[in-house]
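Visitor: I would like to learn how to read a model like this one. Could you walk me through it?

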Amino acid sequence: MIVHLVWLLLVILWNFGFPNAHPLSDIVVAIILSYISNKLSYYFISNINTEKNITKNEQYWKDNIQLILRCLLIWFLVSYVFGIILVQELNLIRFGGYKLGFWFAQQGSIFTFVFLIFYYSFKIGKIDDKYKNLKDE
Amino acid sequence: MDLQNLTLSIVGLTFALYIGIAFWARAKNTNEFYIAGGDIHPIANGMATAADWMSAASFISMAGLISFFGYGGSVFLMGWTGGYVLLALLLAPYLRKHGTFTVPEFISDRYYSKTARVVAVICLIIASVTYVIGQMKGIGVAFSRFLEVDYDQGLSIGMIIVFIYAVMGGMKGITYTQIAQYVIMIIAYTIPAIFISFMLTGNPIPQIGLGGQLSDGTYLLDKLDKIVTDLGFDQYTTSSRLSLLNMFFYTLSLMIGTAGLPHVIMRFFTVRSVKAARASAGWALIFIAVLYTTAPAVAAMARYNLLTTIDRPNMKENLPYNERPSWFRNWEKTGLLKFEDKNLDGLIQYNNFESNEMVTVDRDIMVLANPEIANLPKWVIALVAAGGIAAALSTAAGLLLAIASSISHDLLKGVFRPNISEKNELRASRVAMAVAIAVAGYFGFNPPDFAAGTVALAFGLAASSIFPALMMGIFSKSMNKEGAISGMLAGISITLLYVFQHKGIMFIQSTSFLGNMDQNWFFGIEPNAFGAIGAIFNFVVAYLVCKKYPSPPKKVMEMIMKIRRP
């Protein structure tokens, strides 16, 4: 269910961003997006492990992937969505002397990138601590 | 002292500083030649990475491109910073955990194949040499200006200096030298920006000044939009580069290219631990962001100053050619700025209509000319030249080292002649460096694009070959050597083919069989931005081929499990 909503959202975003895209590219993108949202759901939904015999190593890796995906979502949002796809809409909003979309493209996205790397290395440090006793199996 | 002598002495002083530091660091650590990086603090490593990373393209060319493209130039800003997020999250910690010294070495371990290593080396050399070509353009511009010679002479002198420098830089102490270069670069970049921002908007912080108000109360960006549209150019804050789809792929291509370039990845092999590798990427990006968030301010303000110098807002007439300022005369000498009095009225017309008389305005001159256009003190102008040269040298040296090490270490020692003596290995790496400089210099005389554009091609090539192979190597357990090798070959071939068919075989214009025309572009995506498509193609081919062959041996499975643990 959630997978389909995510897919729908992504497709709407695509159509909104590239209204003049070729019909063929629309189809290709829709297929790619469905693949992506399927993959995403695997990590987001099954995090409370459905398989019972999951090893600690695998659980660590899953936690890590989930964190990475969350960070990359923000990464994608500030640069590709705010800075490129929705730039015209955001430009209608003023941010001091800046148009907001323009600001995201030339300033905001870069600040967010810096924040993201430190956020990731802080969070993964915590996860590392949690699984400190991992041994080679 | 006149400007030329002042520039020469400041450039000379900075050179003396680099050599001094290299000597000092080397004298202190002779015993630890090979583990130079082993105990380097993440902050220091971040700074050195930033210097290594920010090249002539970032320093000299990028703001110039943004200056003329406006919003469209954002692809460089986002592309060259966002890649660090990918690097820190997806590659650096795992490659550091595995602990090899070069990228092809990791690929040969992960894909249990010498063929994979050779293919990786070839991809890496193609990308790196293209990157050095971009540096050469920047070096040519910088040297021609401050020695006041034409571009070709400037480039020749620059090539000789780069060669001497790269051979020297191959020695120990390069990290400390790069820290010094970063400091020089960032001072040289921000001081004029602070001056100009304060003069125009009253706010000394360029990042705020860009959104600030001019003395008459209008916002700088609004005023600039009005000026450029009045002169027939595209609106500054909204002019996208060709199309949003193209911008999307351009940015993506630069980002994954960043994460696939060997000289940057190599930096993360030299820190203490996996944890330090993650933090180091963050510090590197902070130091890079200082320049990258200043660049848009430099770009907009330079455009504003250039236009208002020629198209004088408070006077009836445009600037007469006889009264042209000294920077105008000096850049005319380099051939990168040309004026042609079409209507013979002695005034300069600069616009986007038929009557435009500024027949050549090379975008790569903007950053260097910027402080002169704004009438800043001479020492600031000299400092900018020194910064530009520092940027070009530090990156060229790092790249040449990556090329040399991949040829001598990966190809010769790793594959073809495992018994080669250390002396011969060193000799081979010097020869490789000289050949790389000669090839890059040759293309530097006929650059395929502006410095930043050429560098973008290099990123596309790295994006389409190295990045997918590394990524699948870490995140997929089932990817086998057949898949990875065919993926790399397919990715780089299709990207090269696309670039060559539009820009000419080996960048010789006349051989471009499809022409450099938008109509023939795949979904309107320009060749510089094609790396992202090449990378997707790489993934798809690798996936399809992988299915047909047996999965990797148990030993490799264990290796993957090992690098995934912190």
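Guide: Gladly. This is a predicted model, and a good place to begin is where two chains meet: 40 residues of chain B are in contact with 38 residues of chain A.

Visitor: Which elements give two or more residues to the side of chain B that touches chain A?

Guide: They are α4 (74-98), α10 (220-230), α11 (244-258), α13 (274-310) and α21 (554-564) of chain B. The most comes from α13(B), which gives eleven residues to that side.

Visitor: How do the residues of that side divide into nonpolar, polar and charged?

Guide: On the side of chain B that touches chain A, 24 are nonpolar, twelve are polar and four are charged. As for size, an interface is often described by the accessible area lost when the parts come together. Here we have counted residues in contact instead, 40 from chain B and 38 from chain A.

Visitor: Let me try a helix pair. At what angle do the axes of α4(B) and α11(B) cross?

Guide: They cross at roughly 40°, and the axes come within 7 Å. Angles under 35 degrees count as roughly parallel, so α4(B) is oblique to α11(B). The crossing is right-handed.

Visitor: Which residues make the contact between α4(B) and α11(B)?

Guide: From α4(B), they include B:Phe76, B:Trp80, B:Tyr84 and B:Leu87, with glycines such as B:Gly79, B:Gly82 and B:Gly83 also taking part. From α11(B), B:Met247, B:Tyr250, B:Leu254 and B:Gly257 are among them. The residues of this contact divide into twelve nonpolar and six polar, with no charged ones.

Visitor: Stepping back, how should I read chain B as a whole? What is its radius of gyration?

Guide: Compare it with the value for a compact globule. For 566 residues that would be near 24 Å, and chain B has 24 Å, so the two agree. Its C-alpha atoms fill a box of roughly 80 × 55 × 40 Å along the principal axes. Chain B has 21 helices and two strands, and buried residues make up 56% of its 566 residues. Among its contacts between residues at least 6 apart in sequence, 80% join residues at least 24 apart.

Visitor: And for a single residue, why is A:Gln88 classed as partly exposed?

Guide: Count its neighbours: A:Gln88 has 15 other C-beta atoms within 10 Å. Being buried takes 20 or more, and being exposed takes 12 or fewer, so A:Gln88 is partly exposed. This residue is found in helix α4 (residues 87-90) of chain A. Its C-alpha is 9.3 Å from that of A:Leu100, twelve residues away in sequence.

Terms used
Residues are numbered from 1 along each chain as its sequence is written. Chains are lettered from A and ligands numbered from 1 in the order in which they are written. This is a predicted model: local features need pLDDT of at least 70, side-chain atom pairs count only at pLDDT 80 or more; totals for chains, interfaces and linings use all residues. Helices (H or I, at least four residues) and strands (E, at least two) are DSSP runs, numbered from the N terminus. Two residues are in contact if their C-beta atoms, placed from the backbone, lie within 7 Å. Ala, Val, Leu, Ile, Met, Phe, Trp, Tyr, Cys and Pro count as nonpolar, Asp, Glu, Lys and Arg as charged, and the others, Gly among them, as polar. Axes are lines fitted to C-alpha atoms, for helices over the stretch in contact, and angles run from 0 to 180 degrees between N-to-C directions. Angles under 35 degrees count as roughly parallel, over 145 as roughly antiparallel, 65 to 115 as roughly perpendicular and the rest as oblique. A crossing is left-handed if the near helix is turned anticlockwise from the far one by less than a right angle, and right-handed if clockwise. The radius of gyration is taken over C-alpha atoms; the globule rule is 2.2 Å times the number of residues to the power 0.38.
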